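Trainee: Please take a close look at a single part of this model and describe how that part fits into its surroundings.

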Amino acid sequence: MPHHSVTARFVAACLAVLSFSVATSASDVPADLVVLDAVVLTMDAETPEAEALAVRDGRFVAVGSGEAVRPLIGPKTKVLHAHGKVLVPGFNDAHIHPSPMFDELSPLGKVPCGPNDVGSIDELVARMQKKAAVTPAGKWVRGSRYEDTKLGRYLTRDDLDRVSTSHPVYVSHSSGHLSSVNSLALDQAGITDQTPDPRGGAFDRDDDGRPNGVCRESAQSKVLGAGPSTPSPSKSEWIEGIQRRFREYSKCGITSIQHAGTSPTTLRKYALLQAQEQRVRISVMLRRKYLDELEQMVAESGRGNEWLRIGAIKTYHGNSLSGRTCWLYEPYDGRPGYYGIPPAASQETLNRRVLEIHSAGMQACIHSNGDREIDMVLNAYEAALEAEPRANHRHRIEHASICNQEILDRVKRLGVVLAPHSYVWEHGDKMEAYGPQRWPWMHANGTAMRMEIPVAGNSDSPVSAAVPLLRIQSMVTRTSKEGKVYGREQRVPVEQAIYAWTMGSAYASFEEDIKGSLTVGKLADFVMLSDDPRTVAPETIKDIEVELTAVGGEVVYRSASLAD
């Protein structure tokens, strides 16, 4: 029996176990939970604000005035007094890459090398040396998420040779689209002065042509694939690690995620996880090579339930904005002749891949950043829809970082959903490479929302932090940590930013009927905030505390400052 058949049946069985029906109860039956004296921002246009809500069997049964909700309090009802605090729908991160959390010095751990972890290349090297000291010779010493703009330059082989010459050393960039390696890693891969750049990638080189250790896009796999195998967690280790990650999401008010590109193996583990602990709702985008398996799973078990959902395919066409490899029509600022790295696939190949996803009745979610790449994706969507018209397809472009009015007009006409970045706080400095003439059209959340193009809020974590309030601040202010504004034209009102992170994300995964707003009948996922995002200074939205996170009416996180 083919392996994918076994996978499909396993997941189908798990989804069946997780499924349950919600009966309609009489309105006078007491609620399980009532929240009173709140400022309820519902994200529901029919009832934008309320002051109380009630939950029964995991769903809202009343949202309105305290007078209307109080009759639902019974002897066993749990009553929470919000004391004027703000409630919003649970945040839904529509493009995220969850990974289990492990200690950095364990065999499964990577050394964090971001600006919150190391302040210089010397500090990074010293921290990596500690990892090398506990790693057997010949095995990978791995670090992650370094930022060249914060360190002053890219890491080179010479820097990482200081970490070790008896281990291959690898440190990924914050973009995820380039890495730096040491000399041993290059030698093991046979990378020399004479090695050509692979299609869709590049090796950075010294002036004399010597590869300097920076591997961009597809060049990364040439090096990683030639090195030793990396340790894999057991099933129980993976579940424990991802539970730690999900607890961090709960602290930030995230109640739903959309995993952007993974495998049926991970899907099976998610099914096991959800059978053990239901804390975060998960929509899964499988990678393109698993399209046949996805079709079989949908045919056997449908598209899942409110805890674990399938039906989307994640694929790539193009490269990285923050890694400065995305493909543009005009050269990068100050770099005549450099337009980025062209996508590995031709228009013909892309059209065929999109039509396969479209014909299977699935949702295509395509990573694309540069304007030249995005036009190719829109060409492919247009061709697929002309060949096989389909209403409400909701095909997506993930990131769509560099746009123009013509691109957005096409997006609107074709009914495409956008999931743009909102990471100016961390990565505004990387926008410098594109020049100020492009900033008004980068991460075009504002224009897209004004055009009523569906926009899904997301972090692209770990590219930027999975902290919705920080992402919302970035959408509102367009201001970097250093205080510079990039593209003020794309600022959005705070209410619209919250909407993108709730209803916008729910729409992007075909779930707006069950989540995304505080509406009677919908899943009771909500967050209590210490302050009102509408009234605080915009530059302090990130400082608002998540005091409580509830999923299905069950409290999954309560801050220390919130008394029982």
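Mentor: A residue is called buried under 20% relative accessible area, exposed over 50% and partly exposed in between, with a 1.4 Å probe and protein chains only. The model is predicted, so local features need pLDDT of at least 70 and side-chain atom pairs pLDDT 80 or more, whereas totals for chains, interfaces and linings use all residues. Residues are numbered from 1 along each chain as its sequence is written, and side-chain values use heavy atoms, without hydrogens and water.

The part I have chosen is helix α13, which spans residues 405-414; helices (H or I, at least four residues) and strands (E, at least two) are DSSP runs numbered from the N terminus. Its buried residues are I407, L408, R410, V411 and L414. Viewed down the axis of α13, these buried residues fall within an arc of 155 degrees, so they line one face of the helix; the arc is that of the directions from the helix axis to the C-beta atoms. An α-helix has 3.6 residues a turn, so residues three or four places apart point the same way. On the other side of α13, E406 and R413 are exposed.

The two ends of the helix can be described in turn. At the N-terminal end N404 acts as the cap of α13, with a side-chain oxygen 3.1 Å from the backbone nitrogen of E406. After α13 comes G415, which has a positive phi near 75 degrees.

The buried residues of α13 pack against α12, β20 (417-420) and α15 (445-450), where contact means heavy atoms within 4.5 Å. One of these partners, α12 (residues 371-387), gives the most to the largest nonpolar core, with eight residues. That core has 78 residues, and F246, Y270, I397, L418 and I472 have the most contacts inside it; a nonpolar core is a set of buried Ala, Val, Leu, Ile, Met, Phe, Trp, Tyr and Cys residues joined through side-chain atoms within 4.5 Å. L418 thus appears among the core residues with the most contacts. I472, another of them, touches F91, V494, A497, I498, W501 and I541, leaving aside residues up to four places away in sequence.

Another partner of α13 is α15, and the loop between α14 (424-427) and α15 holds Y434. There are nine aromatic pairs (rings of Phe, Tyr and Trp, the last by its six-membered ring, with centres within 6.5 Å; stacked under 30 degrees between planes, edge-to-face over 60, tilted for the rest). Y332 and Y434 form a tilted pair, 4.8 Å centre to centre with 40 degrees between the planes. Y332 lies in the loop between β17 (308-316) and α11 (347-359), so this pair ties together parts that are 102 residues apart in sequence. Both Y332 and Y434 are buried. The ring centres of W439 and Y486 are 4.8 Å apart and their planes lie at 70 degrees, so this pair is edge-to-face. W439 also lies in the loop between α14 and α15, whereas Y486 lies in the loop between α16 (468-477) and α17 (494-508), so the pair ties together parts 47 residues apart in sequence. W439 and Y486 are buried.

Technical notes
Polar contact = N/O pair within 3.5 Å; in protein donor to acceptor, adjacent residues only side chain to side chain.
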